[in-house]
Amino acid sequence: SSVTLEHGSKRLGKRTDPMMGVWRNYGLGQFIHWGLYAIPGGHWDGKYYSGAAEWIRSWNEMPKNAYDELYKVFDPKAYDPKAWAKQAKDMGAKYMIITTKHHDGFCLWPSQYTDYSVAKSPYNKDIIGPMVEAYDAEGIDVYLYFSVMDWNHPGYRSKLETKEDEEAYEGFKEFTRNQLLELLAFYPSTKGLWFDGTWDQAWIQQAAFADELEEEMRSVIPGLIIGSRFRADENGKRHFDTNGDLMGDYEQGWERKMPNRIEDVNGNDWDCVMTVPENQWGYHSDWKGHVKSSVELIEMMVKAASLDGNFVINFGPDGQGNIRPEESLIAKEVGEWMESNAEAVYDCGYLDWEKQDWGYYTRNRKTGNVNLVVFNYPASGKLRVKVPKGIKIQGIDLIGTNGGTIDLEEIHRDEYFLGLPKGTDHTKPVVLVMKIVEGDAEVQGVY
Ligand SMILES: C[C@@H]1N[C@@H](c2cn(-c3ccccc3)nn2)[C@H](O)[C@@H]1O
């Protein structure tokens, strides 16, 4: 039984409007974490910061006032948003999420509500505007990341303990609303907001304020897409309200982790945002530990599509505005794979066929085709496929650079082995596109 909520979920089930349909079909996105933290790049005073580079201000070895002075040297001479957008286009990204303001409070746009922005830096120009224009020009939808937590604002509090806290926080709430309305006014082509830094008790207690603000933002840009991380319900429940219903338009809980089964996504839209190293979003000049390969990232992207989600790969440009070589290589290699295999990711979602060990099924919502994306090449060279009753295979194509014909063997009713051609290059994911017919229609054609 569900309880009546004033500030809980506003909708049961997925959004069904066209703008959300476009979001649902993206497949691949690019996250960009850029800000003052890229200047120290994980080091200070000759010491190595092993935490996430964008959190260096919270490091004991980093004097807070030294960090807060960094805006005086922010002057990224290499910043070239057109080049960034071209690279993202070549990678195959359909949307991009840019940090307008991270937890440190530094604004990459000339906000009228604070001096802690690019307007007070030697660079002294808007970073966000040219980026939005460049990505829009490449046909990549732009989403604005905004951290509610703001270590720079005097009214920010993680919790409200005194009367003074409450009064200061009222000013912070007004500041937050002003900045968000300002972003929507400055960059009206944005398709949505990606909120972060919303776990503090002080913010969680603002259910009514945040609910009203979300409504107001949605009225400013109809169809605006806002995830589950923005606000809590009146019982402090986040992502899912007291009744277990999703807040916002999609689930935003998959940060540096992936669901494994369709049950894990609760019938919701979702995105997974992923770092290339284990845990670095902002630029760190010295990555340690595991750095994901492009094949690893491609597998996560396909797995996300197979479970009705979007996959977002993070980039962290350096303090001068350069994209680092490791990320440029990933953009190149992912793009090369997408060039001939994108139809298995774009417009694709979950297919309720029994999962097989060789990889993932995705269903193309526009063509109806079934895609088989092979990551675990079988020693037998044969892919086991169990076709649900009433479904017939009409044709199978091996796409991508591989080419060749597929040998189809019916093991018994509705179960087949698909033989891959000898010499198939399986150092990269192999994609088969299967045309199927449903119902008992007599199958015309190849099989
Ligand atoms: C999208 C990512 N979210 C930010 C983050 C993650 N976290 C965090 C904090 C405590 C536990 C686990 C994660 N804090 N901030 C990261 O800094 C990055 O912006």
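This is a short chat about a predicted model.

Biologist: What kind of model is this, and how are residues numbered?
Modeller: The model is predicted: local features need pLDDT of at least 70, side-chain atom pairs count only at pLDDT 80 or more, and totals for chains, interfaces and linings use all residues. Residues are numbered from 1 along each chain as its sequence is written, and side-chain values use heavy atoms, with hydrogens and water left out.

Biologist: How many disulfides are there?
Modeller: Zero in the whole structure, where a disulfide is a pair of cysteine sulfur atoms within 2.5 Å.

Biologist: Why is Cys 272 not bonded?
Modeller: The closest cysteine sulfur, in Cys 348, is 18 Å from that of Cys 272, too far for a bond.

Biologist: Is Cys 272 buried or exposed?
Modeller: Buried, at a relative accessible area of 0%. Buried means under 20%, exposed over 50%, partly exposed in between (1.4 Å probe, protein chains only). Cys 348 is buried too, at 3%.

Biologist: Switching to H8. What is its span?
Modeller: Helix H8 covers residues 294–306, and its end C-alpha atoms are 18 Å apart, which agrees with the expected 18 Å. The expected span is 1.5 Å times one less than the number of residues. Helices (H or I, at least four residues) and strands (E, at least two) are DSSP runs, numbered from the N terminus.

Biologist: How many of its residues are buried?
Modeller: In H8, 10 of the 13, so the helix is largely enclosed by the rest of the structure. Among them are Leu 297, Ile 298 and Lys 303.

Biologist: And where is Glu 69?
Modeller: Glu 69 is in the loop between helix H2 (64–68) and helix H3 (81–91), and is partly exposed at 41% relative accessibility.
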